[in-house]
Structure formats: structure tokens, C-alpha cells
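Biologist: Before we discuss any detail, could you put the sequence and the coordinates in front of us, so that we can go through the features one by one?

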Amino acid sequence: MQQPVVSCSMPAEEIESVSLPVGWKSYRSPEGRKYYVNTSTKVNGHQLHGASGHVLEHPDVFLRKTSLSNQSPGSTSPARRQNKEKEIKETKITINCVTFPVPTSAPEQQLLKPSEWSYCDYFWADKRDPQGATVSGFEVLLQKQLKGKQMQKEMAEFIRERIKIEEEYAKNLSKLSMFPMAAQEEGTLGEAWAQLKKSLADEAEVHLKFSSKLQSEVEKPLLTFRGDNFKKDMKKYDHHIADLRKQLVSRYAAVEKARKALADRQKDLEVKTQQLEIKLSNKTEEDIKKARRKSTQAGDDLMRCVDLYNQAQSKWFEEMVTTSLELERLEVERLETIQQLLRQYTTLRHETDMFNQSTMEPVDQLLQSVDPAKDRELWVKEHKTGDLRPVDMDI
């Protein structure tokens, strides 16, 4: 199992008087620091006690071994590769082609925006809808946006119905104010009654103005806020993230294919090596080297596929964060806009109540002035038939 030699600028090799394990040699840097470097091609980490990269007690001394993280998986033995894969499987899990840490084996991840319940922290996994179909976290966010658009539309329809009621109410009030009912009422009560009928016409005008303002200041803004382009923008977001997810799925499939190819190559190498050792085959050592090269190439292919997969997942991750934060901003904007429009509704409603109250003030004043004695005087003066009372008849 060939391991590359660690390269660094060092003076000529020094022969130490102390006995070093096979394959380990001592160097001294220009600064005078001693280094021990593994140059063996067959040594493994168990052959050197304490030589797994840990710093020894003396501050000037380091035992360094080339990291296997950059090695081709095909250059390691099947047993060691299986142990490595098992270790990875115990700490990471891939769900729908997205790789996550196993919660029980990894420290808790820090939220991107702690204490904010941000979209960018809680929609990474997929879920099942009531019909059993898989729905991505991003689709859930998009559905929230589209639902918000629908709610906005229904609110505008509700205000439209309110406007119709106001218009119809104003029309009926105006019509009622012109009815000649009790038009012959006289005196101070007749004046109060006439003012009350007139107040209906005034109130009708108030409600017409209210309905007009509702249309221009509430309904229309609700309808025009986020027009037809909004759904087009949502589709663009959807297609963009979906394309990145499809690329991630494709990269994952390539990783699995390369992983299988590596397993096949390593199995072939292992079989040929065993056959050669027990002399069950006339395969030459050259055949073993050829199988080893193919195994190493398969390992390189797997590393390349994993690297491409990680790049694709990183790109998807970045765009998910950026786009989910944009959707979060849009939702805040929607809530604040509708809040402002509904506040305008309540303001107009309070104004309507105030104007309606003002139409009642003359009626109240005249009702307070109703005087039965005065009305009786006025009526008697106009309709009296004579003030001489009857007397007894004389014989």
C-alpha cells in the first residue's frame, strides 16, 4: 500500500543514534526542530506506538504520518475501507440524496439564525403530504407563499362584499329618507321628525364615502399587491432549486455507481491475491499490479464523484439559504402590508362612526327641544274653533 512521502524544505537526512521503527527517518529543519517522517511504503498505524499524529511530550518532536484523507479508497485494503465506511455510516446518513449528520453521533448543530425561527433553519428535510407523496422543505415554503397570495385575494373579495353592503345600505337609506311618512307631523316634534328623516340622507352619503374609500384605500391595494409577476417569480425560485436538487440526485447516483465499481475492483483484487498466495492460479505478479491499479483508479473515480457531489450539495445549500431568507422577507412584507391595509379599514370605520354621530347631533338637539306645551299652543292657535264656552240656558 503505497503512501506518498511528506515533502518539506529540510536539510540532508540525518542518521539518528536512537533506534527508529522500520520506515521512519529523522530530519532537522533550518530552525533546528526535529521531525520524524514515515517514508515506508508498507507501514501501518499499528506498527508504530504513539505515531498516529499525536504530539509527543517533548515540544520539539513530532511524529508525523501521511493523512489517509487524501488517499484513494482503492489504495487501502478492503477491511480498512469497510471499517472506514462503517465509521462514516455511523456518523452520517443520506436521505433522498441529501447527507445529514446522525443526531446521536454528532454534536448539535448551531442554528444559522438562533432564536428567530428562521426559514433557513427548519426546512432542510423532506416530508410526506397527506397523499403520501414526498414534498421538499423548499416546496413547503413555496406553498406558504402561494397560500399567502390566495389569502390576500380572499381578503380583497371580502372587502368587495363589504363595499356592496355599504352601497346597498346607502341606497336604501337615501330612498327611505324620501318616504312621505308622518310628513304632516307639526310643531317641535314635526321639526325633529323632519331632521331625523334628513339625517338618513346624510348617513347615506357617509356610507357612500366609506364604500368609496374602502375600494380605493383597502380593496384595490389588496388586489394590486404582488400582481401576476409574483407567481412567475415563485416558479423561477421553484425551478432553480429543483434543478440544483436534480443535479444533487445525479451526483449521488454517480457516487453510488463509483462505490459499487470500487467494491467490484477490490473484490477482484482480493480474489486474485488469494489465488496467487495459495497458487491456485498462474496469474503473474503483473496481473496483481494491474488489478491494484484498476482498484486505485476506481478509488480515484469515487473520490472525484464524492467531491462533485459535495460541490453540488454545497451549491444547493447556499441557494437554499439565500432563497429561503428571501421568501422569509417576502412573508414579513406581506404581513406588514396587510396589517397596514386592515388598520386603514378600521380607521375608515371609526371615521364613519364619527360622521354618523355628527348626523345625529341635530336630531338630538331638536328632540331635546320638543315641548308638548309649545306644540299644543301652536296647534291650538292654528286650528282653534272658538274660545267661548257653553253656558246654562235661561228660561
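Modeller: This is a predicted model, and I will begin with the strands before turning to the helices and the surface.

Biologist: How many bridges join strand E4 to strand E5, and how do the two strands run?

Modeller: Strand E4 covers residues 92–95 and strand E5 covers residues 98–101, and the two form a hairpin with two residues between them. One of the pairings is that of Lys92, whose bridge partner in E5 is Pro101. The strands run antiparallel, and the number of bridges that join them is four.

Biologist: Which residue in the loop between E4 and E5 has a positive phi of about 75° although it is not a glycine, and is that residue buried or exposed?

Modeller: Most residues other than glycine have a negative phi, so a positive value deserves a remark. In the turn of the hairpin, Asn96 has a positive phi of about 50°, whereas the value of about 75° belongs to Cys97, which is found in the loop between E4 and E5. Because its relative accessibility is 15%, and the cut-off for burial is under 20%, the residue asked for counts as buried: Cys97.

Biologist: Ser115 also has a positive phi; where does this residue lie, and is it buried or exposed?

Modeller: The phi of Ser115 is near 65°, and the residue sits in the loop between E5 and helix H2 (119–122). Its relative accessibility is 76%, and as the cut-off for exposure is over 50%, Ser115 counts as exposed.

Biologist: Which residue meets Glu219 in a salt bridge, and which helix holds that partner?

Modeller: The structure holds 19 salt bridges, and in this one the closest N to O distance is 2.9 Å. The pair links distant parts of the chain, 59 residues apart, with Glu219 in helix H4 and its partner in helix H3 (residues 137–177). Glu219 is buried at a relative accessible area of 7%, whereas the partner is partly exposed at 24%. That partner, in helix H3, is Arg160.

Biologist: Why are Asp202 and Lys198 separated by about one helical turn?

Modeller: An α-helix has 3.6 residues a turn, so residues three or four places apart point the same way. The side chains of Asp202 and Lys198 meet in a salt bridge of 3.2 Å, N to O, and both residues are partly exposed, Asp202 at 27% and Lys198 at 45%. They are about one helical turn apart because their spacing in helix H4 is four residues.

Biologist: Which residues belong to the network that includes Glu326 and Arg329?

Modeller: Glu326 forms a salt bridge with Arg329, the closest N and O atoms being 2.7 Å apart, and the two are three residues apart in helix H6. Salt bridges that share partners extend this pair into one network, whose members are Arg226, Glu326, Arg329 and Glu333.

Biologist: At which residue does H6 bend by about 30°?

Modeller: Helix H6 spans residues 285–368 and reaches 122 Å from its first C-alpha to its last, close to the 124 Å expected. A proline, Pro362, follows within four residues of the bend, which lies at Met360.

Biologist: What is the approximate area of the nonpolar surface patch that includes Trp193?

Modeller: Trp193 is placed in helix H4 (residues 187–224) and is partly exposed, with a relative accessible area of 32%. Leu176, Phe179, Met181 and Leu196 make the patch together with Trp193, and its area is about 430 Å².

How values were computed. Residues numbered from 1 in each chain as written. Predicted model: local features only at pLDDT ≥ 70, side-chain atom pairs only at ≥ 80, totals over all residues. Heavy atoms only, no water. Patch = residues over 30% accessible without salt bridge, like charges linked within 9 Å, V, L, I, M, F, W, Y side chains within 5 Å. Areas by Shrake-Rupley, 256 points an atom, 1.4 Å probe, with all protein chains shown as cover. Salt bridge = Lys/Arg side-chain N within 4 Å of Asp/Glu carboxyl O. Buried < 20%, exposed > 50% of the residue type's maximum accessible area, 1.4 Å probe, protein only. Expected span 1.5 Å × (residues − 1). Bend = angle between axes of the 7 residues up to and from the residue. Pairing = 2+ DSSP bridges.
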